[in-house]
Amino acid sequence: MAQKIEVSNSQQLSFNDFKTEVLNDYRIARISRECSLLGRREVLTGKAKFGIFGDGKEVPQLAMAKAFKNGDFRSGYYRDQTFMMAIGQLTPQQFFAGLYAHTDINQEPMSAGRQMGGHFATHSLDENGNWKNLTAQKNSSSDISPTAGQMPRLLGLAQASKIYRNVKGLENFTNFSNNGNEVAWGTIGNASTSEGLFFETINAAGVLQVPMVMSVWDDEYGISVHARHQTTKESISEILKGFQKENDTNGYEIFIVNGWDYVKLVDTYNKAAEIARTQHIPVLIHVKELTQPQGHSTSGSHERYKSAERLEWEQEFDCIAQMRNWILDFELTDENGDVLRFVENEDELKELEKAAKKEVSTAKRDAWNNFVNDIKSEVNEAISLLEKVAQKSSNAAFITKYKNDLASIAEPIRKDILVACRKTLRLIREENFAEKITLQNFIKTAIDNAAVKYSAHLMSETSQATQKVAAVNPTYADDKNIVDARLIMRDNFDAIFNKYPEVLVFGEDAGHIGDVNQGLEGLQEKYGELRVSDTGIREATILGQGIGMAMRGLRPIAEIQYLDYLLYALQIMSDDLATLRYRTFGKQKAPLIIRTRGHRLEGIWHSGSPMGGIINNIRGIHVLVPRNMTKAAGFYNTVLEGDEPALIVECLNGYRLKEEMPTNLGEFKTPIGVVETIKEGTDITIVSYGSTLRIIEEAAKDLAQVGIDVEIVDAQSLLPFDINQDTVKSVAKTNRLLVVDEDVPGGASAYLLQEIVENQNGYRHLDSKPQTLTAKAHRPAYSTDGDYFSKPSAEDVFEKVYEIMHEANPAKFKSLY
């Protein structure tokens with residue numbers, strides 16, 4: 001129905017502005033919808049691999065974009081294309097470049113083709129890897145596919161505003177915050193709110209009271225599964241009523257709004273932004289009655305699981321259709337009785353819609369041409385080269401077939417080029433002519449170029465890379481100051497906090513009592529509860545706090561109390577933190593430090609040694625395993641000078657051992673990726689790390705008594721391991737190798753063995769079979785005896801080494817058994 005609302009003449013200009021804004025919003029919605037429709041066709045015709053689109057969610061995303069300001073951050077999921085278009089961070093051509101997986105970051109700025117379409121990001125870093133002014137742009141943290149995986153990071157993005165507003169010493173960090181006025185905006189599908197990460201984050205944000213606005217796009221389904229199977233009472237806002245903020249309590253403001261109601265959506269989002277921005281109160285917006293016109297993705301049809309009645313309802317209450325009706329019906333009457341309308345007739349909207357469709361079609365064509373043109377030039381070069389090779393080869397018929405097959409592919413990809421060329425190279429392996437060398441160079445160049453396109457930026461390639469931080473040795477007073485090793489950690493953290501106002505640490509028991517091992521003793525009292533803080537028992541969101549805050553220029557240290565508890569957060573470390581720099585082609589970073597402790601613990605749940613699983617799940621994060629607290633403290637000092645994330649595993653049984661207190665706290669640095677020989681020897685090289693080294697040192701003394709001289713190498717860091725390849729130099733001297741590890745068989749020991757024997761070519765120097773000594777395949781049983789019979793003991797090390805030497809010289813080393 002037409003709305004009869006009187007406005008004064010003074011409001012007429014405002015109405016014209018409003019009209020322009022509404023019609024532009026509708027235009028963006030239509031463009032986004034056309035991208036979804038045409039994108040699906042591109043997948044089904046084979047030009048794109050897979051498609052998942054934001055159709056049905058356009059109007060609420062327009063409303064969200066209106067309240068989104070410079071400096072704000074989005075942490076969303078793969079249906080937010082309309083929002084990204086509305087904030088000016090996604091064009092239709094870029095949308096299709098993402099669909100085609102264009103590897104040029106200038107064409108596909110979200111991930112340079114490394115993520116499927118629908119995964120969005122903005123650039124936080126410039127070409128040199130330095131921070132841009134994040135307060136001068138609208139920001140989106142890089143999406144990931146695992147459902148609800150965006151939630152923990154969202155918490156940290158919001159908490160950063162609280163830190164910037166309330167912690168002294170950060171006043172000059174103006175590129176990252178304007179007095180903490182930034183809001184972190186989260187989006188998620190209704191079905192994904194069933195994930196534990198959603199509830200953990202919602203609870204944590206309510207406790208912390210951070211400026212977070214969480215939107216739930218509710219279309220009643222999770223793929224084919226209805227909400228009645230997903231959510232109690234079929235409503236996330238209904239079951240979260242207990243989170244509603246009341247007088248003198250923390251909690252949320254909760255809004256419920258229909259996703260097709262443009263006016264109420266805009267009003268709701270403006271209110272939510274004001275509350276979060278000014279009061280730092282989190283807000284939940286449950287956006288109901290949304291639709292999904294094309295179903296979940298290109299892999300299925302929603303007609304299979306939705307009733308005819310539901311499909312008919314979705315057609316009527318499609319948010320764009322409802323917005324269109326509202327525009328056509330809208331009327332205002334001014335004080336002179338003149339009727340003000342958005343459009344005079346439907347033809348105006350039809351022209352707008354036609355123009356939107358044409359714009360998207362042109363964008364698709366241009367994106368495709370840009371994508372294929374580079375490849376076609378490479379195809380032509382390859383065809384010409386294969387033709388020349390065929391003229392010189394006795395296998396011309398086969399090579400000509402490869403050439404013709406390549407030429408016949410209507411829409412070739414780089415794989416097709418390399419397949420033809422590499423198969424040709426096999427055929428001419430015994431022939432010699434100039435064109436063969438040209439072909440070899442062509443293949444090598446293509447593979448080198450592919451390494452940039454598909455493998456670059458796993459770790460920092462900037463001048464700030466942590467491996468470039470120079471080592472600085474600890475210095476000591478003339479009069480030795482021997483202390484409990486925990487005091488070295490405590491006093492080094494004190495120096496760090498004094499040196500870096502952007503550093504903060506948080507975790508279970510990290511604040512009031514100064515962590516369970518007193519490594520942070522007294523620091524909360526000195527630096528305040530925001531910089532040294534306790535958290536709830538919620539490892540995934542502890543990691544998320546760290547990721548989000550690190551993405552906004554802070555240097556957080558997220559403490560996970562014990563290494564085994566890291567498994568709660570491993571998915572976030574693996575899927576989000578470890579891939580962040582890689583999946584944004586070096587355009588975002590989160591230099592988070594994860595602090596934990598482990599090694600030589602007793603019992604199934606506190607054994608502290610699942611290292612193989614960790615290192616193989618978090619490539620993209622440094623894994624540092626210092627043997628004592630001085631080495632550990634040095635790693636913290638090193639990592640804080642770099643721009644990469646790191647996991648530092650302190651030795652739990654080392655806090656009460658005695659070490660000498662350095663005098664250059666906060667300044668000495670343990671180098672990354674450098675091994676240390678802690679005992680020289682001539683008969684066998686033993687490589688290990690962490691607390692196990694003390695057991696090896698004990699065994700080495702006993703082995704010396706029987707004439708076996710052991711060389712002990714401390715790995716110090718597992719990712720990366722031994723970048724200078726010093727371990728193989730030890731093996732070249734001793735000609736024997738044993739890797740000792742308290743992880744399960746085939747865990748970190750297998751990794752180290754491959755690094756030394758294969759990557760460092762240690763096999764060339766071996767006179768005996770390289771071996772490993774690990775824990776048993778099970779977790780360690782409880783008690784000291786459980787540890788003794790589950791993990792390598794000094795006696796195990798002695799006998800393993802003795803056995804190797806017996807095989808080499810049975811006359812000198814008689815069999816023990």
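# Exercises on a predicted model

An open sheet, built from five strands with mixed pairing, follows the order β20-β22-β21-β24-β25. The structure is a predicted model, and the exercises below work through parts of it.

## Exercise 1: the open sheet

Determine which strands form the edges of this sheet, and describe what lies across it.

Solution. Begin with the pairing: β20 (676-679) and β25 (771-773) are the edge strands, since each of them pairs on one side only. From one strand to the next, the twist averages 30°. At the β25 end, strand β24 (residues 737-740) is joined to β25 by three bridges, and the two run parallel; within this pairing, V740 has L773 of β25 as its bridge partner.

Next, consider the helices. Helix α24 (residues 748-759) lies across β21 (684-688), β24 and β25, and it runs at about 150° to β24. Helix α26 (residues 794-808) lies across β21, β22 (710-714), β24 and β25, and its direction is at about 165° to β25.

## Exercise 2: a strand and its surroundings

Work out why strand β4 (residues 184-189) can be called largely enclosed, and identify the strands to which bridges join it.

Solution. Take burial as the first step: six of the six residues of β4 are buried, so the strand is largely enclosed by the rest of the structure. In a regular strand, the side chains alternate between the two faces of the sheet. Here A184, G186 and I188 point one way from β4, while W185, T187 and G189 point the other way, and all are buried.

The second step concerns the partners. Strand β2 (residues 73-75) runs parallel to β4 and is joined to it by three bridges, with S75 standing opposite G186. Strand β5 (residues 212-217) also runs parallel to β4, joined by six bridges, and the bridge partner of W185 in β5 is V213. Finally, β4, helix α6 (residues 196-208) and β5 together make a right-handed β-α-β unit.

## Exercise 3: cysteines

Establish how many disulfides the model holds, and explain why C35 does not form one.

Solution. A disulfide is a covalent bond between the sulfur atoms of two cysteines. The cut-off used here is 2.5 Å between the sulfur atoms, and by this rule the count is zero. For C35, the closest cysteine sulfur is that of C319, 15 Å away, which is too far for a bond. As for their exposure, C35 is buried with a relative accessible area of 0%, and C421 likewise counts as buried at 0% relative accessibility.

## Exercise 4: salt bridges

Given that the whole structure holds 52 salt bridges, compare where the partners lie in the pairs E127 and K587, D405 and K401, and D515 and R597.

Solution. Start with E127 and K587, whose side chains meet at 3.0 Å, N to O. The two residues are 460 residues apart, E127 in the loop between α4 (92-100) and β3 (139-140) and K587 in the loop between α19 (580-583) and β16 (593-598). E127 is exposed, with a relative accessible area of 73%, whereas K587, at 6%, counts as buried.

Turn then to D405 and K401, which meet in a salt bridge at 2.8 Å, N to O. Both lie in helix α12 (residues 396-408), four residues apart, or about one turn of the helix. D405 is partly exposed, at 35% relative accessible area.

The last pair is D515 and R597, at 3.9 Å, N to O. D515 lies in the loop between β13 (503-507) and α16 (523-527), and R597 in strand β16, 82 residues apart. Both residues are buried, and they belong to a network of salt bridges that links D515, E559, R595, R597 and E650.

Notes: Residues numbered from 1 in each chain as written. Predicted model: local features only at pLDDT ≥ 70, side-chain atom pairs only at ≥ 80, totals over all residues. Heavy atoms only, no water. Pairing = 2+ DSSP bridges. Axes fitted to C-alpha atoms, helices over the stretch in contact; angles between N-to-C directions. Contact = heavy atoms within 4.5 Å. Buried < 20%, exposed > 50% of the residue type's maximum accessible area, 1.4 Å probe, protein only. Salt bridge = Lys/Arg side-chain N within 4 Å of Asp/Glu carboxyl O. Right-handed = clockwise from strand over helix to strand, strands pointing away.
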